[in-house]
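Reader: I'm new to reading protein structures. Could you take me through this one, a question at a time?

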Amino acid sequence: MSSNLEELEQALGYRFADRALLVRALTHSSSANEAQPGTLPELPLAQDNERLEFLGDSVLGWLVSEWLFGRYRDFNEGQLSQLKNHLVSATHLLAASHRLELGRYLHLGRGEETAGGRSKQRLLVNAFEAVLAAVYLDGGAEAARGVLLRHAMPDEEELAQLAGAGPPHDFRAELERLSRDRNLPRPQYQLLGEAGPGHARTFRVEVRIGREIAITGEGHSKKAAAHRAAQDVCRMLRDTPAEP
């Protein structure tokens, strides 16, 4: 590990009673597979963070749902779901991972290290979820809630953007409805490519409806790129009168 765990604990605002949980949360399978028992500090047997990631995903969803339920008392289930989808998205969690500089603390195998694993979105997001699970197991729900509120929940400015005019609009769902109402083929999405460094990846996704409509969108995740492409198609269809 390239930095002192005490630094990460200070950044998290939480000190572990069982620091082996934190070590495990930061251990990628590439490192665990290469390690011999006892070679990872404070971890007697080499274990990766995949089980913690599994738990962390559920803890994250529960705590975000609880927070939204209490804050937006007038929102219906669909509106709450849209906000939740944003707050648990890879793009949103990646930003939290960067703020905590989780990449500095990861245990990686040689191959993953060489391949730039410390800046890969998937590894960083998985590590954030694993760390959240480790905090939950070590200190309970209140400790995990505190870490989440400090590092992965929106500030007032972002909240105003997210909910000031209602929840984020789901253009992919709208495109499905428009296509159905106009008797068009169901939209099909295809990843065309990706570019840029791991911490600032850009994805290109094409949405195609039959043979006539094909529009490309870009974003910092495949989901965001697909959403942008769907938004452009929706705009085009709304501006085109439906055939009688």
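Reader: What is the relative accessible area of R177?

Author: R177 is found in helix α11; helices here are DSSP runs of H or I with at least four residues, strands are runs of E with at least two, and both are numbered from the N terminus. Buried means under 20% relative accessible area, exposed over 50%, and partly exposed in between (1.4 Å probe, protein chains only). R177 is partly exposed because its value is 39%.

Reader: What kind of model am I looking at?

Author: Residues are numbered from 1 along each chain as its sequence is written, and side-chain values use heavy atoms, leaving out hydrogens and water. Local features need pLDDT of at least 70, side-chain atom pairs count only at pLDDT 80 or more, and totals for chains, interfaces and linings use all residues, since the model is predicted.

Reader: Thanks! Which residues does E174 contact beyond its neighbours within four places in sequence?

Author: E174 is found in helix α11, residues 171-181. With a relative accessible area of 11%, E174 is buried. Contact means heavy atoms within 4.5 Å, and the partners of E174 outside its neighbours are H169, C234 and R238.

Reader: How many ångströms apart in space are R177 and C234?

Author: Along the sequence, R177 and C234 are 57 residues apart. From C-alpha to C-alpha, the distance between R177 and C234 is 9.8 Å.

Reader: What share of the chain's contacts between residues at least 6 apart in sequence join residues at least 24 apart?

Author: To set the scene, the chain has twelve helices and three strands, and 43% of its 244 residues are buried. Among contacts between residues at least 6 apart in sequence, the share that joins residues at least 24 apart is 57%.

Reader: Which residues does A225 touch, not counting those up to four places away?

Author: A225 has its place in helix α12, residues 222-238. A225 counts as buried because its relative accessibility is 0%. Its C-alpha is 6.0 Å from that of R204, 21 residues away in sequence. Setting aside residues up to four places away, A225 touches F203, V205, G217, E218 and G219.

Reader: On to the helices. What covers the buried residues of α4?

Author: Helix α4 has 22 residues and reaches 31 Å from first to last C-alpha, close to the 32 Å expected at 1.5 Å a residue; the expected span is 1.5 Å times one less than the number of residues. Its buried residues include L52, G56, V59 and L60. The elements that cover the buried residues of α4 include α2 (19-25), α5, α6, α8 and α9 (141-151).

Reader: Which word describes how α4 and α5 lie relative to each other?

Author: Two packed helices are described by the angle between their axes and the distance between the axes. Helix α4 (residues 50-71) and helix α5 (residues 77-87) pack at about 135°, with axes 10 Å apart; axes are lines fitted to C-alpha atoms, for helices over the stretch in contact, and angles run from 0 to 180 degrees between N-to-C directions. Angles under 35 degrees count as roughly parallel, over 145 as roughly antiparallel, 65 to 115 as roughly perpendicular and the rest as oblique. The orientation of α4 and α5 is therefore oblique.

Reader: Which residues of α5 meet α4?

Author: From the α4 side come G61, V64, S65, W67 and L68. Their partners in α5 are L80, L83, K84 and L87.

Reader: How do α6 and α8 lie relative to each other?

Author: The axes of helix α6 (residues 90-100) and helix α8 (residues 121-139) come within 9 Å and cross at roughly 80°. The two helices are therefore roughly perpendicular.

Reader: How many of the residues of α8 are buried?

Author: The end C-alpha atoms of α8 are 27 Å apart, which agrees with the 27 Å that its residues should span. Helix α8 is largely enclosed by the rest of the structure, because the buried count out of its 19 residues is 14.

Reader: What is the phi of G140?

Author: G140 comes just after α8. Its phi is positive, at about 90°.

Reader: Last one! Which residues of α9 meet α8?

Author: The axes of α8 and α9 come within 6 Å and cross at roughly 145°. On the α8 side, the residues are F128, L132, V135, Y136 and G139. On the α9 side, they are A141, A143, A144, V147 and L148.
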